[in-house]
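Let's work through a few short exercises together. Have the viewer open, try each task yourself, and then follow the steps.

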Number of protein chains: 2
Amino acid sequence: MIEVLRLSHRIGRDPRLSTHVILTARAFGAEKVYYSGDHDKSLEDSTDKIVSNFGGPFEIEYVKNPLKLIDDKKKKGFQIVHLTMYGKNFEKLKLKKKVLVVVGSEKVEKEFYEICENISVGNQPHSEVAALGVLLYKFFGVKKKFMNPKIIIEGLEKGKKITKI
Amino acid sequence: MIEVLRLSHRIGRDPRLSTHVILTARAFGAEKVYYSGDHDKSLEDSTDKIVSNFGGPFEIEYVKNPLKLIDDKKKKGFQIVHLTMYGKNFEKLKLKKKVLVVVGSEKVEKEFYEICENISVGNQPHSEVAALGVLLYKFFGVKKKFMNPKIIIEGLEKGKKITKI
């Protein structure tokens, strides 16, 4: 079970980046994204619309206190992996069955570094979106099957093949 | 040799997403990013600052006519790979030595589909940033060595190790 926690979402500044985090999480097999920061109804609506069109299961939930969420998840046996350019090499990581991947924004408070396993996809300035994608791809691959889609796209070298149900 | 072409950058709407494309390209071994759309001096300056601090070689160049760039690159023996949710599975791709990866924004004109190899990282709504990261990671891995950095970060499980030169 893979879940993702997106920290410090800001309406106005981050709408598209948070959307990219959400789409990436879903495409590589996460079934839930939590986000903290600003409560953003339009982010939730656009996520629900994607799920309604392209299938699930996948849900989004706002959390006011992300440290408490991490604490609760730990008690439920989740491994907490925080993606940061300062962390140890993700290729050495061993993943458990239940994983919460924590994805920061520009500044992440010290407390998160203290309670998470800090993992990096390269120790360079990076995109948290790409780092999340590469981590999930390496461990879980591209998700192939979604439930109850209204739209199915099949890959072609030329042209587009779109089935509407 | 890996290069990336970011289509239709828009000042105001895309500054952070284009930055994410650029950081991702650099972290996985690309040595150059071209971008079309709005000419954006601040995007170029922030890229140059990253390279000055964390090392290169890596450069950014604005192009007015991306179709002409693709044509020129083809003549120089580049394989042109366009990332799109409608393309064929990237895991079946065979890469040549010189590759230009084309990364779209929301709408990509039909002409690009006609002259590129259209490749997908999953046929789901996706982040072009994550798709670029996963494609480059699969074929080239995380870039380990950068030339002339002023700042070097070493990954640790706890804490930060930053060397300034």
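**Exercise 1: The two sides of a helix**

On the face of α2(A) turned away from its buried side sit the exposed residues A:Lys41, A:Ser42, A:Asp45, A:Lys49 and A:Asn53. Here exposed means 12 or fewer other C-beta atoms within 10 Å of a residue's own, buried means 20 or more, and C-beta atoms are placed from the backbone. The model is predicted: local features need pLDDT of at least 70, side-chain atom pairs count only at pLDDT 80 or more, and totals for chains, interfaces and linings use all residues. Residues are numbered from 1 along each chain as its sequence is written, with chains lettered from A and ligands numbered from 1 in the order in which they are written.

Task: find which residues of α2(A) are buried.

*Step 1.* The buried residues are A:Leu43, A:Thr47 and A:Phe54.

*Step 2.* They cover an arc of only 55° around the axis, which puts them on the same side of α2(A); the arc is taken from the directions from the helix axis to the C-beta atoms.

*Step 3.* Their cover includes α1 (15–27), β3 (59–62) and β7 (151–154) of chain A.

*Step 4.* Just after α2(A), A:Gly55 has a positive phi of about 100°.

**Exercise 2: Relating the chains**

Task: work out what turn lays chain B on chain A.

*Step 1.* A turn of 180° with a shift of 0.0 Å along the axis does it, at an RMSD of 0.0 Å, superposing by least squares the C-alpha atoms of residues with pLDDT of at least 70 in both.

*Step 2.* This is the relation of a two-fold axis.

*Step 3.* In chain B, the C-alpha nearest the axis belongs to B:Ala130, 2.0 Å from it.

Definitions and conventions:
Helices (H or I, at least four residues) and strands (E, at least two) are DSSP runs, numbered from the N terminus. Two residues are in contact if their C-beta atoms, placed from the backbone, lie within 7 Å.
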